[in-house]
Amino acid sequence: MIKPKWKFAFTFSIITTIFGFMLGVQYRSIEEPDERDTRDMWELREDLKREQKLQVELLEEIRKYDQMQREMEKNESPEKALKDTLEELKAKAGLTEVKGEGVVLTVEPLFDSNLLGKPIQPISPELLKRLINEVNSYEAKEISINGYRVVNTTVIRDINGITKIDGNSLNTYPIEIKILSNDAEKLYSKINGSALKDDFAIDNLKLTVSAPQKQLIIPPYEKSIRIQNMAPLKDEKEGN
């Protein structure tokens, strides 16, 4: 039978392992192909602001889990604490369905191919990533694109002329983007007051913002999350 002290130590080590895994997922930027940094001063400032915000959030997470550790030391049921922590971290990593207020963006061609005299082009990865970064700066909580959940490991790129999100093609219109926020009215106002619609119009795309909605559903992320530079810790006493 496992002694209570060792049982706690074993359970807490599992929790810290899960926390490290999920934290790596939570604070990893959206992946992009390697390329030369061509950001201007405004973009660099915006990136710096985002990194500073992430740093504050990380410090808050560390304090939170320090408190959790102290509570677990007094807790008679570490298994329940482990289960609760796992569910919380899965939610933060985007692995669970979420509901809440928000807005729905619709992307469709501004002019049809007959008027332009050429085929309608797919939405570009750069434009889509700019949209995501922009709404994140407006404190968006969760995002899905055509039903595909956007998480911090999401890859948006061009493959053979087709824009794909985590391998799923975005080659037909309309494209539906759901965004959750703690304040849907504020999010709606900020998007409408931004230059996003003009940015889309340059690419012959019309960006429409729905009225704030009280209940939207964002599906869970369904693909495997890839974590690099992490390996199991070997027990020094293993084999003794």
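This is a short walk through one predicted model, from the overall fold to the core, the salt bridges and a surface patch.

Okay, let's start with the big picture. We have a chain of 240 residues, and 33% of them are buried. The secondary structure comes to 7 helices and 9 strands. As for contacts, if you take those between residues at least 6 apart in sequence, 81% join residues at least 24 apart. The accessible surface is about 15700 Å², and carbon and sulfur atoms account for 50% of that.

Now the inside. Nonpolar side chains in soluble globular proteins tend to be buried together. In this model, the largest nonpolar core has 27 residues. If you want to find it on the screen, look for Leu105, Ile145, Ile177, Ile179 and Ile191, which have the most contacts inside that core. Who supplies it? On the strand side, S1 (98-109), S2 (140-145), S7 (175-181) and S8 (205-209) each put in at least two residues, and the helices H5, H6 (184-192) and H7 each do so too. Which of these elements gives the most? That would be H5, with 5 residues.

Let me zoom in on Ile179 for a second. Leaving out residues up to four places away in sequence, Ile179 touches Glu101, Gly102, Val103 and Leu105, then Val135, Ala140, Glu142 and Ile143, and finally Leu187, Ile191 and Leu216. Apart from the 27-residue core, there is another one of 5 residues, and Val98, Leu180, Leu216 and Ile218 are among its members. So keep an eye on Leu216: that residue is in contact with Ile179 and belongs to the 5-residue core.

On to the charged pairs. How many salt bridges does a search of the whole structure find? It finds 4, and I'll go through some of them.

Take Asp199 and Arg130. Their closest N and O atoms are 3.5 Å apart, and they form a salt bridge. This pair links distant parts of the chain, with Asp199 in H7 and Arg130 in H5 (residues 125-137), 69 residues apart. Is Asp199 buried or exposed? Asp199 is buried, because its relative accessible area of 16% falls under the 20% cut-off. Arg130, at 43%, is partly exposed. H7 itself spans residues 196-202. Beyond its neighbours within four places in sequence, Asp199 has contacts with Leu127 and Arg130.

Compare that with Glu88 and Lys92. Here the salt bridge has its closest N and O atoms 3.8 Å apart. Both residues sit in helix H3 (residues 78-92), and because they are 4 residues apart, about one helical turn separates them. Glu88 is partly exposed at 25% relative accessibility, and Lys92 is partly exposed as well, at 30%.

Then there's Glu142 with Arg149, where the side chains meet in a salt bridge at 3.1 Å, N to O. In this case both Glu142 and Arg149 are buried. You've already met Glu142, by the way: Ile179 touches it.

Last stop, the outside. Leu110, Phe111, Leu115 and Leu116 make a nonpolar surface patch of about 360 Å². One of them, Leu116, lies in helix H4 (residues 113-116). Leu116 counts as partly exposed, with a relative accessible area of 35%.

So, if you spin the model yourselves, I'd go for Ile179 in the core, the link between H7 and H5 through Asp199 and Arg130, and that leucine and phenylalanine patch on the surface. That's it from me.

Notes
Residues are numbered from 1 along each chain as its sequence is written. This is a predicted model: local features need pLDDT of at least 70, side-chain atom pairs count only at pLDDT 80 or more; totals for chains, interfaces and linings use all residues. Side-chain values use heavy atoms; hydrogens and water are left out. Contact means heavy atoms within 4.5 Å. Buried means under 20% relative accessible area, exposed over 50%, partly exposed in between (1.4 Å probe, protein chains only). Accessible areas come from the Shrake-Rupley method with a 1.4 Å probe; for residues, only the protein chains shown count as cover. Patches are made of residues with over 30% relative accessible area and no salt bridge: like charges are joined within 9 Å, nonpolar side chains (Val, Leu, Ile, Met, Phe, Trp, Tyr) within 5 Å. A nonpolar core is a set of buried Ala, Val, Leu, Ile, Met, Phe, Trp, Tyr and Cys residues joined through side-chain atoms within 4.5 Å.
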